[in-house]
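Please keep the sequence and the model side by side while reading. The paragraphs below move from strands to ligand and back to strands.

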Amino acid sequence: MKTKFHEKIGKLVLGTVILTSTLMTSATAVSAQQTTWDVRDDHTSVWSRQQAEQVELTEETTAPVIDTNFELAAPDVWIWDTWPLQNRDGSLAKIKGYRIAFALVAPRSLGWGERHTEARIGMFYSKNGKDWTYAGVPYDYDKALGHMQWAGSAMVDEDGKVHFFYTSTTDMNADGGKEWNQDGWVKRAEQRLAKTTFDISADKDGVHLTNEGKHQILLEADGKHYETIQQFQEHGNIITGFRDPFFFHDPNTGKEYIIWEGQAGSNRNYLKPENIGDEEYRKTHTVPDGAENFNGNIGIAEVLDEDVSELKMLPPLLESVGANHQLERPHVVVDGDTYYLLTISHKFTFAPGLDGPDGLYGFVGKGGLRSDYKPVNGTGLVVANPEENPFQAYSWWVAPDGQVISFINEPRDENGNVKFGGTFAPTLKVSFDGDKTEIMKEMEAGEIKPFGPYGRSLR
Ligand code: FRU
């Protein structure tokens, strides 16, 4: 891989010259199109079985093997899903020179597999974006919603208010409280999108979140577009999802959205022809039984107020009914009028008859957030774990400039033994160009360089 990166340097220099000369033309094209953008609020793109069959590892999308001699960013806690504090326009927030990141954390004294049901959100800060100080859980657990708090996103607005979005996950029998019954919990893990707010300050002792606001539920599954836990209990497999809120400010329209991982509602417990593929494909392929229960989608709601507390739920942005059960931590990056819808998925969540690696998957559309998305690179993969180390990392998140952070999951050493990670993985830099992406280089573990707003920093 290293040699490949070096070979690329020559190509890169040439690429920059060509790019600079074409930028002017593409900028003109964007503004000309703006007035005619067709934001079809009811159009749901489809990741079909036919498309998902094209998933395969390529050199451009396979991550370098992770060294199992990694250091722990916070020795007392498992760290997994991670996201930086962003400004409203998507750029990396800096508070008195500090960069801030949030991550799911749980005590290392718990088993690796037990961390999900004790997850909290921890805060990290760093002056250089490489050496992170763990500052603990910034909120009052008793006030926070749910028995556990799962992934989210965080934005600091123009007045310095931090909007802290997260998933409230609770035992549906617990009546909103914190009681928890571990037996068969997956069937009762009810998820809702929640938020609170903070003031933020920094001094020589680090970064401080104070004046914690009220915790409120922003959205819950409606049963029509998005499956409720009751619907899931009737026919579901794996786990249901209504989680991972991501705040997105569309640079082309100024509109704001929350995007999340959902499942198709009860009215979608069957496959439409387009979930399978085109006519020719449908004639020549049969769908294995049970595929219809793999009903992932990417939810979207429009933000109606400055305060991001009023939302209008919309039909899903994309669905993978019959193809894949989980489109986790969905998020967006933009290049002019080209939109990339990104999500993480597991090998085990592909529907029967389909196969793909634990990886970061991407869909590209043109002309607006609500475009007709198609898998990037023809395969849909942006970053895949290498074949020889298929579970080494997970939960990739792409910054507006193509930096990709993730966590070390279950890498194997040279003897094939698994070493649980629970810390930041090496950051990757990925290039996005039309419907093609490519891993360009590996950076340091947990590294986050400053990045600019959506729509202006991918090139
Ligand atoms: C992805 C994920 C998220 C969820 C969290 C729970 O790694 O499944 O969707 O918020 O982990 O641990």
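What follows is a walk through an open sheet, the ligand with its surroundings, and a hairpin.

The model is predicted, so that local features need pLDDT of at least 70 and side-chain atom pairs count only at pLDDT 80 or more, whereas totals for chains, interfaces and linings use all residues. Residues are numbered from 1 along each chain as its sequence is written, and side-chain values use heavy atoms, with hydrogens and water left out.

An open sheet of five strands runs in the order β1-β14-β13-β12-β11 with mixed pairing, where strands are DSSP runs (E, at least two residues) numbered from the N terminus, and two strands pair if DSSP finds at least two bridges between them. At its edges lie β1 (45–46) and β11 (243–249), each of which pairs on one side only. Within this sheet, β12 (residues 256–263) and β13 (residues 296–303) run antiparallel and are joined by seven bridges, with Gln263 standing opposite Gly296 in β13.

The edge strand β11 also leads to the ligand, since β2 (77–87), β6 (148–156), β11 and β20 (393–398) each supply at least two residues of the shell around the ligand. Among the residues around the ligand, those with a heavy atom within 4 Å of it, are Trp80, Asp81, Trp150, Arg243, Asp244, Glu328 and Tyr394. The shell divides into five nonpolar, two polar and five charged residues.

Three side chains can be followed to oxygen atoms of the ligand. A polar side-chain atom of Arg243 lies 2.8 Å from a ligand oxygen, an N or O atom in the side chain of Asp244 is 2.6 Å from a ligand oxygen, and for the side chain of Glu328 the corresponding distance is also 2.6 Å. Taken alone, the ligand exposes 320 Å², of which the protein buries 93%, the areas coming from the Shrake-Rupley method with a 1.4 Å probe.

Further along the chain, β23 (residues 426–433) and β24 (residues 436–445) pair in the antiparallel sense over seven bridges, and Val430 stands opposite Ile439 in β24. Their hairpin has two residues between the strands, and Gly434 there takes a positive phi near 60°.

Conventions: Helices (H or I, at least four residues) and strands (E, at least two) are DSSP runs, numbered from the N terminus. A polar contact is a pair of N or O atoms within 3.5 Å; within protein, one must be able to donate a hydrogen and the other to accept it, and residues adjacent in sequence count only if both atoms are side-chain atoms. Ala, Val, Leu, Ile, Met, Phe, Trp, Tyr, Cys and Pro count as nonpolar, Asp, Glu, Lys and Arg as charged, and the others, Gly among them, as polar.
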